[in-house]
Amino acid sequence: MTKSNVYFSKIISPEKVVEMFKILNKNLMGRVAIKVHSGEKGNQNFLKPEFFIPIANYLNGTVVECNTAYEGARNHTEKHKELLNKHNWTKYFNVEILDEEKPDLILDIKNGQVIKKNFVGKKIQNYDSLVVLSHFKGHPMGGYGGALKQLSIGCASSEGKCYIHSAGVTTDQNIVWNHLANQNKFLEAMAESASSVINYFKGNIVYINIMCNMSVDCDCCAVAEDPCLKNIGILSSLDPVALDKACLDLIYNSNDEGKHHFIKRVESKNGIHTIQRAQELMCGTTNYKLICID
């Protein structure tokens, strides 16, 4: 069975992000979107924009985000823009909110079982390539957040996030939290929506996971637990399934006592199921080769 290459460095620095991109030897086409997590108001763990200046400059890309589907500072475009400014994203980068204009772009999901379509911001059509920069951490609903979550919930519009969370019941953020899908259906919907974004970019995607500030909570939490794990490193790959699996394996194989708290969060939400379903959808493989870089 063919293995996907996953590159790993213990060094965590802005310059190392560029190096981990270059080692993939991937020539991205045309206009490049750089997907980040901009951090909810009050969150202390998200990766600050200064960390991504070298990679954004190297790619000459545009930082992109999407509105959320829960009450907070990012669920509507104007509020989100204000927070992007306060968090200094607009100080350093060209930033675009993909779903600030309606209607959404609807992507068909090939072989979708839970959902058959995915709602993404129409401005995704402005780009030919995508770089997924993920802060790897826990998540209160998905168990963990990495590349697959950035492709799914991260790239979905506000309506699309509702659709994924409800397993296709609603796109209305006013009622979605009363129509949440059962856990495995939600995880499967995440994998299925991720597959539609992968198919949309036709291979013009690079994935980088940064394993630092690892709380059991996501950067979308205004009140998040402090990190429970020591920093591990930066990983990159052309395969999001292999990349996320490698990150989880590094935690399971760690000697860090904090891993038990993190693993409890992942397993309580059956987080591995997203990876399993993504592999079934041929988004990638859990069979990988970890290549260590100085």
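## A walk through the fold

N270 has a relative accessibility of 30%, which makes this residue partly exposed. The structure in front of you is a predicted model, and N270 is a good place to start looking around.

**Unusual backbone spots**

N270 sits in the loop between helix 9 and helix 10. Its phi is positive, about 55°, although N270 is not a glycine. Most residues other than glycine have a negative phi, and most peptide bonds are trans. A167 also goes against that habit, with a positive phi near 55° in a residue other than glycine. You will find A167 in the loop between helix 6 and helix 7.

Where does the chain make a cis peptide bond from K102 to P103? P103 belongs to the loop between strand 4 and strand 5, and the bond that leads from K102 into P103 is cis, with omega near 5°.

**Salt bridges across the chain**

K102 deserves a second look, this time for its side chain. The side chains of K102 and E159 form a salt bridge, with 2.7 Å from N to O. E159 is part of helix 6 (residues 158-165) while K102 is in the loop between strand 4 (95-97) and strand 5 (105-108), so this pair ties together parts that are 57 residues apart in sequence. Both ends still see some of the surface: K102 is partly exposed at 43% relative accessibility, and E159 is partly exposed with a relative accessible area of 24%.

Now compare that with a pair inside the protein. E192 and R277 make a salt bridge whose closest N and O atoms are 3.0 Å apart. Here helix 7 (residues 183-201) contributes E192 and helix 10 (residues 272-280) contributes R277, so the bridge ties together parts that are 85 residues apart in sequence. Are these two residues buried or exposed? Both E192 and R277 are buried.

D217 and R265 offer another example, their side chains meeting in a salt bridge at 3.1 Å, N to O. This pair, too, links distant parts of the chain: D217 lies in the loop between strand 10 (205-211) and strand 11 (233-237), and R265 lies in helix 9 (residues 259-268), 48 residues away. D217 and R265 are buried as well. Some bridges share partners, and in this way K81, E96, E100, E101 and K123 are joined into one network. The count for the model comes to 15 salt bridges.

**Empty space: a pocket and a cavity**

Rolling a probe the size of a water molecule over the atoms shows where empty space is left. The largest pocket holds about 260 Å³ of space. It is lined by 20 residues, with Y70, H139, K149, I153 and C220 nearest its centre. Helix 5 (147-154) and helix 6 each give at least two residues to this lining; helix 5 provides the largest share, four residues.

Is helix 5 enclosed by the rest of the structure, or not? Eight of its eight residues are buried, so helix 5 is largely enclosed. Its buried residues include K149 and I153.

How many cavities of 30 Å³ or more are there? There is one, and the volume of the largest cavity is about 50 Å³. Its lining is made up of V36, H37, F46, L47, F52, L133, S134, H135 and D219.

The two linings break down by class as follows.

| Lining | Nonpolar | Polar | Charged |
|---|---|---|---|
| Largest pocket | nine residues | six residues | five residues |
| Largest cavity | five residues | three residues | one residue |

**Nonpolar cores**

In soluble globular proteins, nonpolar side chains tend to be buried together. The largest nonpolar core of this model has 48 residues, of which L130, F136, L151, M211, L235 and I251 touch the most other members. Helix 8 (residues 240-252) supplies the largest share of this core, eight residues. There is also a second, separate core of 30 residues, with Y7, V32, I97 and I234 among them.

**A last stop at Y58**

Y58 is in helix 2 (residues 53-59) and is partly exposed, with a relative accessible area of 44%. Which residues does Y58 contact, leaving aside its neighbours within four places in sequence? They are V18, F21 and K22. F21 and Y58 are 37 residues apart in sequence, and their C-alpha atoms are 9.9 Å apart in space.

Technical notes:
Residues are numbered from 1 along each chain as its sequence is written. This is a predicted model: local features need pLDDT of at least 70, side-chain atom pairs count only at pLDDT 80 or more; totals for chains, interfaces and linings use all residues. Side-chain values use heavy atoms; hydrogens and water are left out. A salt bridge is a side-chain nitrogen of Lys or Arg within 4 Å of a carboxyl oxygen of Asp or Glu. Buried means under 20% relative accessible area, exposed over 50%, partly exposed in between (1.4 Å probe, protein chains only). On a 1 Å grid over the protein atoms alone, a cavity is a set of points where a 1.4 Å probe fits but cannot get out, and a pocket is an open set with protein on both sides within 12 Å along at least five of seven lines; lining residues have an atom within 4 Å of a point. Grid points are joined across faces, edges and corners, and a volume is the space filled by probe spheres set on the points. Ala, Val, Leu, Ile, Met, Phe, Trp, Tyr, Cys and Pro count as nonpolar, Asp, Glu, Lys and Arg as charged, and the others, Gly among them, as polar. A nonpolar core is a set of buried Ala, Val, Leu, Ile, Met, Phe, Trp, Tyr and Cys residues joined through side-chain atoms within 4.5 Å. Contact means heavy atoms within 4.5 Å.
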